[in-house]
Amino acid sequence: MLQNTAKPRGRPRSFDERQALQKATQVFWSKGYDGVTIDDLVAGMGVGRPSLYSVFGDKRTIFLRVLKDYADANGALAAKALFSPPTLHGSLVSFMRHIVENATEGGMARGCILQCIAPLVDDAEVQQFLKNAADGALALLERRFRDGISAGEIPDDFPVTVRASQVLDLARGLTMRARMGSSRKMLLKDAEEAADLLLLPRRENNVARP
């Protein structure tokens with residue numbers, strides 16, 4: 001009789017990879033990118049140094065994985081907030097509310113790791129990731145405005161690209177204000193009022209002639 005001579009597999013991991021990445025996010029939140037050391041990640045993620053390097057890689061690689069994990073999760077929620085309401089105005093309010101609630105999660109003045117931590121990292125791949133994320137968000141907003149045109153909510157000549165960019169600018173502003181300590185209540189009020197401004201018709205360029 002032949003016996004199974006295959007070597008037993010190594011010990012199973014004693015940690016959840018996704019949870020470890022979420023813990024790494026908290027480490028980068030608390031110290032920024034430059035202030036974080038491998039020892040900080042080992043302690044914060046609850047992963048031994050050998051496992052950290054073999055599973056996740058070095059600090060830079062871990063940060064890039066944190067950004068992707070964060071962007072994927074938050075991007076899905078942002079898209080749901082944008083496309084769930086039946087009206088364009090409702091969509092903009094819902095999207096801006098999501099931005100505020102995400103930036104003030106748990107009542108903390110956190111902001112957004114993509115806007116408050118990552119832009120300070122002097123790394124070409126990180127900066128390219130941020131550009132791609134911004135381009136993707138812009139495309140979703142343009143699509144929602146075009147849906148509004150198709151539904152007859154806004155005119156055919158509505159400045160879709162300009163207003164989509166303005167939504168992102170307002171979202172960044174709300175996020176930074178959250179980071180600086182503005183209350184959720186105040187930011188939510190401003191977010192809802194911003195939706196009215198975003199839907200104003202194109203302003204005619206009426207310049208008085210001498």
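Which residue forms a salt bridge with lysine 68, and how far apart are the closest N and O atoms? The partner is aspartate 72, and the closest N and O atoms sit 2.8 Å apart. Keep in mind that this is a predicted model. What you're looking at is a protein chain with nine helices and zero strands, and 39% of its 210 residues count as buried. Here's the rundown by topic.

**Overall build**

- Read from the N terminus, the elements go α-α-α-α-α-α-α-α-α.
- Among contacts in the protein chain with a separation of 6 or more, 67% come from residues 24 or more positions apart.
- The protein chain exposes about 12,800 Å², and 53% of that area is supplied by carbon and sulfur atoms.

**How confident the predictor is**

- The mean pLDDT for the protein chain is 87, with 86% of the residues scoring at least 70.
- Ranked by mean pLDDT, H7 comes out highest among the elements at 96, while H6 is lowest at 85.
- The start of the chain is a weak spot: pLDDT is below 50 over residues 1-10, and that stretch has zero contacts in the model beyond near neighbours in sequence.
- Residues 205-210 also have pLDDT below 50, again with zero contacts in the model beyond near neighbours in sequence.

**Nonpolar cores**

- The largest nonpolar core holds 31 residues. Phe28, Leu41, Met45, Ile62, Phe63 and Ile113 have the most contacts inside it.
- Two or more residues of this core come from each of helix H1 (17-31), helix H2 (38-45), helix H3 (49-56), helix H4 (59-83), H6 and helix H7 (124-150).
- The top contributor to this core is H4, which gives seven residues.
- There's also a second, separate core of 28 residues, and Leu141, Leu188, Ala194 and Ala195 are among its members.

**Two residues from the largest core**

- Isoleucine 62 is part of helix H4. Its relative accessible area is 0%, so it is buried.
- Leaving out residues up to four places away in sequence, isoleucine 62 touches Ala24, Phe28, Leu41, Met45, Leu52, Phe56 and Gly57.
- One of those partners, leucine 52, is 10 residues from isoleucine 62 in sequence, and their C-alpha atoms are 9.1 Å apart in space.
- With the same kind of sequence neighbours left out (up to four places away), leucine 41 touches Ala24, Val27, Phe28, Val36, Gly46, Leu52, Lys59 and Ile62.

**Salt bridges**

- Searching the whole structure turns up 14 salt bridges. As background, side chains of opposite charge can pair when their charged atoms come close.
- Back to the opening pair: lysine 68 and aspartate 72 are about one helical turn apart, because they are four residues apart in helix H4.
- Lysine 68 has a relative accessible area of 48%, so it counts as partly exposed. Aspartate 72 is partly exposed too, at 44% relative accessibility.
- Helix H7 has a pair of its own: aspartate 135 and lysine 131 form a salt bridge, with the closest N and O atoms 2.9 Å apart.
- Aspartate 135 and lysine 131 are four residues apart in helix H7, so about one helical turn separates them.
- Aspartate 135 is partly exposed, with a relative accessible area of 38%, and lysine 131 is partly exposed at 47% relative accessibility.
- Lysine 31 forms a salt bridge with aspartate 40, and here the closest N and O atoms are 3.0 Å apart. Lysine 31 is partly exposed, with a relative accessible area of 45%.
- Arg60, Asp123 and Glu125 are linked in a network of salt bridges.

**Threonine 104**

- Look for threonine 104 in the loop between helix H5 (88-103) and helix H6 (113-116).
- Why does threonine 104 count as buried? The call rests on its relative accessibility of 4%, since buried means under 20%.
- A polar atom of the threonine 104 side chain lies 2.7 Å from the backbone oxygen of valine 100.
- Setting aside neighbours within four places in sequence, threonine 104 is in contact with Ala178, Arg184 and Leu187.

How values were computed:
Residues numbered from 1 in each chain as written. Predicted model: local features only at pLDDT ≥ 70, side-chain atom pairs only at ≥ 80, totals over all residues. Heavy atoms only, no water. Buried < 20%, exposed > 50% of the residue type's maximum accessible area, 1.4 Å probe, protein only. Polar contact = N/O pair within 3.5 Å; in protein donor to acceptor, adjacent residues only side chain to side chain. Contact = heavy atoms within 4.5 Å. Core = buried A, V, L, I, M, F, W, Y, C linked by side-chain atoms within 4.5 Å. Areas by Shrake-Rupley, 256 points an atom, 1.4 Å probe, with all protein chains shown as cover. Salt bridge = Lys/Arg side-chain N within 4 Å of Asp/Glu carboxyl O. pLDDT = per-residue confidence, 0-100.
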